[in-house]
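User: I'd like to learn how to read the cysteines in a model. Can you walk me through it?

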Amino acid sequence: MPNRLASATSPYLLQHADNPVDWHPWGDEALALAREQDRPILLSIGYSACHWCHVMERESFEDEGTAQLMNRSFVNIKVDREERPDIDSIYMRAIQAMTGHGGWPLTAFLTPAGVPYYGGTYFPLEPRHGMPSFRQVLAAAANAYRDRRSEVADAGARLTEVLDRSATEPQPASGRFEPGDARIFAHAVAAAGRTFDPSNGGFGGAPKFPQPDFLDFLLRTGGPESHGVSMAVHTLSRMAAGGIRDHCGGGFHRYSVDARWLVPHFEKMLYDNALVARALTRAHLLGARHLGPVAEETLDYVLEDLTSPEGVFHSARDADSEGEEGAFYLWTPAEVRDVLGADAARLLSRVYDVSEAGNFEGRNILHLPHDLDAVARQEGIGRAELDGVLKESLDKLKVRRGGRPEPLRDDKVLTSWNGFTIRALAEAGPALGRPDYTRAAAGAAGFLLDTMRRGDRIMRVFAGGRVHVEGFLEDYGALGNACLALYEATLDPRWLGEAAWMADAAVAHFWSPGEHLFHDAPADGEALLVRPRDIMDNATPSGNSLAVELLVRSGALTGSAKHRDMAEAVFARERGTMERYPSAVGRLLTAALTHDTPRLEVTLVGPPGRVAGMLDRAHRHPHPNRLIAGGDPGDPVIAALPAMEGRLDHPGQAFVCVGTACQEPAPTPEALDAALARAQTE
């Protein structure tokens, strides 16, 4: 018989709706029940594409005996971390403070007041590898609450103090943040170099995560030959060759369990593909032309597989199918021969490392261990011919793979993750000559703004035809930055106005003036154990970094001194964090770099149709701190921009400035090319 999760819209919660566990969704009813019955809370947090979440469900939550123990001793609450990142953030920090590590599934035991006193991540049904069984953990947690209440209260009070302090105290810094001080950026590049893997790319050893926000920062630290850029390009190139990339269907998996990017955890997340595609597009503009097609393949995957009927984007594809992680993506030589025939199978197997022994549990993850130019020479064919044969073979494998049982698609729509995707599409459209990307971005943004806005608020979740969960800081920051990217791609003043609205709303609902930082949850939101706040990026950029980036970018366009001052206050407060943990604050470093380095400003005067050729040229220029402004001078929003001052009477012309040094107006796309080339040397 279904439990209380049967009415949820989250695919993750619905996966547990038939468990014998008496699950409750997070809410007043469950919390009140715990208080009324004086029972501790078992809080389980995960997400639909999480492999070990599925394992724990099969082993424990579907087990009648274990469910009886849970139901007898606890009020059991299940949370989708993607819907409620605020709850996840608080209790993940608690588990990390208690155990020294974290992850999902998160298993936390709370007092009826929501104070954590015990927990961990995955627990097996039977004891193994030094881990207690889940039943042993249940008994220990229940006994502690029943028999050692004062110890539980003391431990909870200490932990709450740690959580509250970690949300308010900045890291000590070596000095003040001063505009023009480039040492902090040089320090971040040097720190990256100390952990850089020169062979495989990436930083440190296994497991390896893409870290697209830090890569994006490195790509903006200089020209193509600079150390930061070369580390980022090499990393993206090795990722593109590795098994973390789905060479058959497009897109990137979550992360690699090894140092070579070969064996991934096979889930595909919308945010990873959006953020990695942005970094690939940026690398392409810097001259790494082999990465442009990978960016297109990645975004094409999103459009093909993760686009909803409304034109917005679903959240993920699961890691598992047929009860096995990665089954959908693996190949045997016999399958390849059956699809391609002997000759084409031999070539594809050589190129993509398909062997009888296999490279993953007796089967094969497609990857590129060899240089393709060398393979073409050894095969006695040209590179273009090799590419054509491989593409035809991969297309055939994709068709065959499409007949397999597919991993679950998590079809909920999250505002922030859609914001990342809209921005990636809006930036890639003009950079890669794909106007369909720009159209897709505009359509998705329009749907979100029409559907997810409630008064002066943005909602976070659209699922099952329902809108729910009030938006968090990351939702405002991600969608606001996406709107700015759409404005720069189209010069449509609507997107400029929406970005300004987002920035003002973020300040109104999340800014803490006395502490010079944003909170992640709104001031009038649900009262939780602490009001969460994080400056560091995780799998996605932090809400603070997104909001500060929005202030920097919108302030540069509108000339807002208020936004500039607020951004500088955050940079000053968090200088110590940027110095000590640069790879954990890549997006904040990018925002600081954008604020602090001379800008290449390209202002186009005229309706978008009239200046379309020049707009394309501007977007293909590789300057790391480029700002595109302008539009129809007859529109009051455009006419009021500081960049348009004194230029309204120059229709059809482009103005190029670096810092405060401006060139003569360019009347043609060719003249703009010349002006941009001169600006690159200044």
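Analyst: Sure. Keep in mind that this is a predicted model.

User: How many disulfides does a search of the whole structure find?

Analyst: The general idea is a distance test: a pair of cysteine sulfur atoms within 2.5 Å counts as a disulfide. Here the search of the whole structure turns up two. One links C50 and C53, with S to S at 2.4 Å. The other links C657 and C662, with S to S at 2.0 Å.

User: What pattern do the disulfides of the protein chain follow?

Analyst: Count the bonded cysteines along the chain, and you get 1-2, 3-4.

User: Now handedness. Why is the disulfide of C50 and C53 right-handed?

Analyst: Look at the torsion about the S-S bond. For C50 and C53 that torsion is about 80 degrees, so the disulfide is right-handed. Try the other pair: about 105 degrees for C657 and C662, so that disulfide is right-handed.

User: And burial? Is C662 buried, exposed or partly exposed?

Analyst: Go by relative accessible area: under 20% is buried, over 50% is exposed, and partly exposed lies in between. C662 has 46%, so it is partly exposed. Its partner C657 is at 4% and counts as buried. In the other bridge, C50 and C53 are both buried.

User: Why does C483 count as buried?

Analyst: Because its relative accessibility is 1%. You can read C248 in a similar way: its relative accessible area is 8%, so C248 is buried.

Conventions:
Residues numbered from 1 in each chain as written. Predicted model: local features only at pLDDT ≥ 70, side-chain atom pairs only at ≥ 80, totals over all residues. Heavy atoms only, no water. Buried < 20%, exposed > 50% of the residue type's maximum accessible area, 1.4 Å probe, protein only.
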